[in-house]
Every structure is written in structure tokens, then in C-alpha cells.
Amino acid sequence: MTALLEVSNLHVEFDTYGGIVKALRGVDFSVESGQTLAIVGESGSGKSVAMQSVTGLIPMPPGRITAGSAKLRGKEFLGQRKLDGKTICGDEIGMIFQDAMSSLNPTMCIGDQIAETLEVHRGYSHAKAFSRAIELLDMVRIPEAARRARQFPFEFSGGMLQRVMIATAIACKPSLLIADEPTTALDVTIQAQILDLLQSLQKETGMAIVLITHDLSVVARMADRVAVMYAGQIVESGSVEDIFYRSAHPYTLGLKLAMPSHSGGEDHRLRPIPGSPPDMFSPPAGCAYCERCDRAMRVCQSDNPPIFTLDEGHFSRCWQQHPQHTGASEGLYKKATAHIDEVQA
Amino acid sequence: MWSYTVKRILQGIITVWFIATATFLAMHNVPGDPLSSDRATNETIRANLEARYGLDKPLLEQYFVYMGNMMRGDFGISFTQQNREVNDIIREHFPVSATLGVLAVMFAALGGILMGALTALYRNRLPDYIIMFLVIMGISVPSFVFAALGQLSLVNLNAMMGFSVLPVAGWGTVSHMLLPALVLGLGTMAYLTRLMRSSMLEVISSDYVRTARAKGVPAARIFTRHQLRNAVMPVITVLGPAIASITTGGFVVELVFAVPGLGRYFVQAVQQLDYTVIMGTTVFYGAFLVFMVILVDLVYGWIDPRVRLK
Ligand SMILES: Nc1ncnc2c1ncn2[C@@H]1O[C@H](COP(=O)(O)OP(=O)(O)OP(=O)(O)O)[C@@H](O)[C@H]1O
Ligand code: SF4
Ligand SMILES: [Mg+2]
């Protein structure tokens, strides 16, 4: 079975005054219909760039896709506006962003902004698109939708605006919804409501969701699969159980220890990961996490680890997984027979 | 919006009253008066005139007479031109100034908005560099220099072509209006271009334009529906002051191009200390500008829902 979205070997750079930022250095992931993939990682690790370069939203220039492929149902579409006559953005793939207030046009009424997608992709008349927009507002549970449709963003609360963004994104029934930190700016109760809404919409429509987040509790609640990003690469990916119970990469472990836990007893204190991510102008030759890793070995300095397959669908980019590494790897999930998928210099 | 409108109009009335009072006081503190000029008047005429204008009365009383007349829309009779009411002067010459001014404002606004948007879209590329160089010229070179240069090149052009492409000066037809209106609007156009450019740059990199692209809206529609409308907002807010600067700039340009506008009369009246004409035109111009600024504010409020719905 081919995945709905399959991205492989994605490399993206940005020209800046300080030099070339290597934002993505070979990123692979895939999403199945009806599933949710969570992408986690520190600020600046390349989560947004990964999704925005797939959909052609990064500014080019200064941005540049130097290598890679992105396939929708097996068909290459990277760098294209349309695939099989359907526009990628807005029609096949819907997107919502972190700050809903600034993501909506301040001088256009809510209904018009939702309707625009339908006018553009479905050729609806304005009247037809607008009445459909009201139905969509109803669907994302905005009370008095007909009246609200004529209002402007400044008349809405943050949570309401994120619902509007969702309504806009799903207007054309996309097969994939990309949600880039959709709840980071919202308080906890509103956050829960938005996540519930996303889940029930997913159940209704069968769309896939890529959820970018910093928050592991959101991951635990929403995700089927998880990709952990660090310095422009995916360092571990697997099912949500793999990531939480069989963490194979020291960075994943670090993220988990840095997460507040409700059940943690006396000895569970937050342990932030010391240090900071490497300079993306000249990423290190070896493992990018080397500087901060308490298990670093000599080989980590000189060679970037390849991707090791641990189990079906569980991958990790760490030398600890090398079959010949027999030292103690306390707390890390390890497979003695882990095999190498790809060897890089 | 209604209470906002009423508030703005009340503010406007107070401003005009203030202008009228300040003009009145200023005029009464200027040494000399039109009645004591060389072309002197004999004692009886002088006394009659003083009585006619109430100049023999105490200052406060004169003030009330002046305000009372003005409230009825009567600016009095010119001191230096025979038998001409200030109202007639305004009625006859203001339309000329207004036509010129409106044309200049249109040139400035359309040119500024289009060129500003263009420079932003072509940021750091050739069209941007060329236009921004012209903008710096437009802002730093005074309009009378452009006026003279414009006339000079027209003279050469007409000579070269062997017929009159555009008249060099005078008034009457649309062809007379083009060059003076352009010269008059140039400085403001440059200023608006710069403003529009920075506002457009901000809009281009805004989150809601990214959303529009994420929705798959074609670039042309993003430009008209999302970028232009939002980027134009700050330009509209300065249109009031822009109209004011074009109006006052008109005094000079009218003189250079021999345009029979009100500005020329105003300058003349100041030179001749023609009290009534000075006060009349000053108050009239003041009221006109206040009206335009309020109008611009209201238009802005109507366009921007954040103001309209407050
Ligand atoms: N327009 C741009 N110009 C230059 N560099 C950029 C640009 N956009 C992103 N980058 C760089 O790409 C890298 C990845 O950025 P990205 O926004 O994807 O991070 P992120 O993982 O989404 O972080 P956050 O959690 O803060 O959103 C960063 O180092 C950033 O500096
Ligand atoms: S490769 Fe080495 S440095 Fe990198 S995470 Fe694994 S052990 Fe740590
Ligand atoms: Mg991001």
C-alpha cells in the first residue's frame, strides 16, 4: 500500500547575510490516510520548514530545495502547483498555523475568507460559497454561524479564530491537514477543545493530519506515529508507543525527561537538555546531537549515524544502535540485530 | 461610527474657529493697514471705510462683527480691488485651484500606490532601485525647480516636434492642467511611494498572505484581495495631510504656470495687506483642509472594519 504522503531525502537551504542555513539535511517521513503524524523537536529544528517546503510555502528566494522528493498517493508533486488537475495547496492539502489572529486577513470578513477557498478551487459563486462557509462554521462548532460569518477577525477570540482556520482548511475536503502548532497560543481548556475538534473531523472525513508541536502531551493524545526532529534531520521515528516506551535515540529520551509528568514521584524532576542545537550554517560532520549527548562516542564526532531500523516502522539515527556497539546503553531501547538502511559519510 | 463622525465634525468646527480667531488677532497686530497706502484716501473716505468695516470700534466688538459676518458666510469686500467681494474672488478662482489640486492628488495617490507596490514586489531588483532613486529626487528637490525644468523641457519638446504638444503655461483646457498637476503632485507622490513600499513589504511577509497562499489563492488574486487593500491603509491615513501640502504647494506652482487660481490671490493679498482677502482666504482654506482631513478619516473608517465597527 502506498502512503498518502511520502517525503524522502528532503534538503532545504536558505541564503542569509550570515551564509547558507542548511535547514533540512535529508528528511524522510510518510503519512497514511486517516492517521496522525506528530513532528516534535526544539525550536529551529526545521519542523515548519519541512512542511512548508513540501507545500511550496517557504519564500524562494532566499529558500531553496536542493534535493528530495514528495509524493502524494505515489505521484511526485514537489515544486508543482497542481497534481492531476487539483491544486495542492488548499484543495489536496489544508493548512493551519500557530497564531490564528495574524493568520487571518484583518480587513476581510470571516465568511469571505472561508468562501475564498471554494471560489478558487470549486468555482462556486460568491453566494454559494458564502452559504457553504456558514455551514463550515457550524461544523467547527461556532455558535450563530450566519451572524459570525459577517464579522471580522478582531471580533473573535483566539480559540474561535483557530476554529475559523480549521473551517477554511477543510473547506475543500483535503486528504491531508497540516497543523503547525495549532494550539501553542491557546490556554489549556481551549487547546483540548481544538484537539477534540481535529480528532472528530478526522474521524468524519478520513483525512490524514500532520501535527507539528513542542508538547509531548499533545503527541500522546493525538498521534499514531511520531517523528522527532533535531537540527534538520529526523533522528527517530516510530509509532507513538515506540517513541514513548521504546525510545531509541538519546535526544528522544532527553525530550521525555524534560517533559512535566503527572505520575512522576519524588525523584521525577524536570531535566532540561543542557546546551543548545548546533549552528546550522556549518552543521557538524558527525552526529548533530554529539555536543549535548552524554553517551557520545568517538565515532559520533566524525561520522553522522545512518538510519537504523529497529522494528517494523521504528527508525533511529544513533550509533548506539549499531549491531557492533555492545556497550551499556542504559535506558535506550536497543536491538542487537538492528540493520542499517542507509550509510552516509 | 456615528458618534465618531459627530465627534470629528465638532472637532473640525472648533479647529476652524481657532483658525479664524488666530487669523483675526494676527492681522490686527501686523503694522500698517491697506487704508494708509500711497494711493491714499482722504479723511472722509477713510472714516467711512473704517465705519463700514467697524475699524473704529474696540477690538472685541470688531471680533464679534467679524465672526458674525463670517458665520453668515460673508467675508466682506476687498480693500484693494474695486468693488470685489471676497466671496466672488473665492467663487471665481477656487474651482481652478481645486481642479488642479484634485488632479495632483490623484496623480500622487495613484502613482504612489502603484509604484510603491511595484517596488515592494521587485524588492532589491532593478525596478526597485530606479523608482527609489526617483523617489529621493522627488522628496528632496523643491517643486519650483521641477516646475521650471518641466517648462524648459516642454519648450524644447514643442520646438523639436514643430507643434505644441502641451502648452507651457496658462489655463483653460485639460492639456493646460497636466504638467502643473504632475509637478504639484510629485513631492507627495514620492512620499506616498515610500510609505506604500514599506507597508507593502510588511504585508507581503505577513502571516495572512501566507495563509492565502496555503489556501491556493492565485498570486493575482492575493495581490488585489489581500495585499493591496491592507497595504493601502497607512497611505489613506496620510492623505489628509497630503492634500494639505498639495494645496499650499499650489501657491507656488500656480504662480510659475500662470494659473489663475486662488493661491495667486492669496499671495497678492498678503503683499498688499488686503485684510479681508487674507482673512477670507485663510479661513476658507483652513475650513477646506479641515473638511478634507475629516473626510479622509471617515473614508478610512469606512474601509477599515476595525475602526468602522467600534
Ligand atoms: N525565511 C528564512 N530565511 C532564513 N532562514 C530560515 C527561514 N525560515 C526558516 N529558516 C531557518 O530554518 C531553520 C528551521 O526553522 P523552522 O521554522 O522550520 O523551525 P521550527 O522547527 O518550526 O521551529 P519552531 O518550533 O520555533 O517553529 C531555522 O534555523 C531557521 O533559522
Ligand atoms: S550518535 Fe552518538 S552523539 Fe549522536 S545521539 Fe547517538 S550516541 Fe549520542
Ligand atoms: Mg515552526
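**Exercise 1. Chain B**

Among contacts in chain B between residues at least 6 apart in sequence, what percentage join residues at least 24 apart?

*Solution.* The model is predicted, so local features need pLDDT of at least 70 and side-chain atom pairs count only at pLDDT 80 or more, while totals for chains, interfaces and linings use all residues. Residues are numbered from 1 along each chain as its sequence is written, chains are lettered from A in the order in which they are written, and side-chain values use heavy atoms, with hydrogens and water left out.

Step 1: take a contact to mean heavy atoms within 4.5 Å; of the chain B contacts in question, 74% join residues at least 24 apart.

Step 2: turn to secondary structure, where helices (H or I, at least four residues) and strands (E, at least two) are DSSP runs numbered from the N terminus; chain B has 13 helices and zero strands.

Step 3: consider burial, where buried means under 20% relative accessible area, exposed over 50% and partly exposed in between, with a 1.4 Å probe and protein chains only; 44% of the 310 residues of chain B count as buried.

Step 4: add the extent of the chain, whose C-alpha trace spans about 85 × 60 × 30 Å along its principal axes.

**Exercise 2. The second largest cavity**

Determine which elements supply at least two residues each to the lining of the second largest cavity.

*Solution.* Step 1: on a 1 Å grid over the protein atoms alone, a cavity is a set of points where a 1.4 Å probe fits but cannot get out, and its lining residues have an atom within 4 Å of a point. A search of the whole structure finds five cavities of 30 Å³ or more, and the second largest holds about 60 Å³ of space, a volume being the space filled by probe spheres set on the points, which are joined across faces, edges and corners.

Step 2: its lining includes A:Ile93, A:Met165, B:Thr211 and B:Ala214.

Step 3: the elements sought are strand S8 (93-96) and helix H6 (158-170) of chain A, together with helix H8 (207-214) of chain B.

**Exercise 3. Nonpolar cores**

Identify the residues that touch the most other members of the largest nonpolar core.

*Solution.* Step 1: a nonpolar core is a set of buried Ala, Val, Leu, Ile, Met, Phe, Trp, Tyr and Cys residues joined through side-chain atoms within 4.5 Å.

Step 2: among the 106 residues of the largest core, A:Leu5, A:Phe29, A:Phe77, A:Ile166 and A:Val219 touch the most other members, and H6(A) contributes the largest share, eight residues.

Step 3: apart from this core lies another, of 44 residues, among them B:Leu179 and B:Met189.

Key:
1 Å grid on protein atoms, 1.4 Å probe; cavity = no way out; pocket = protein on both sides within 12 Å on 5 of 7 lines; lining within 4 Å.
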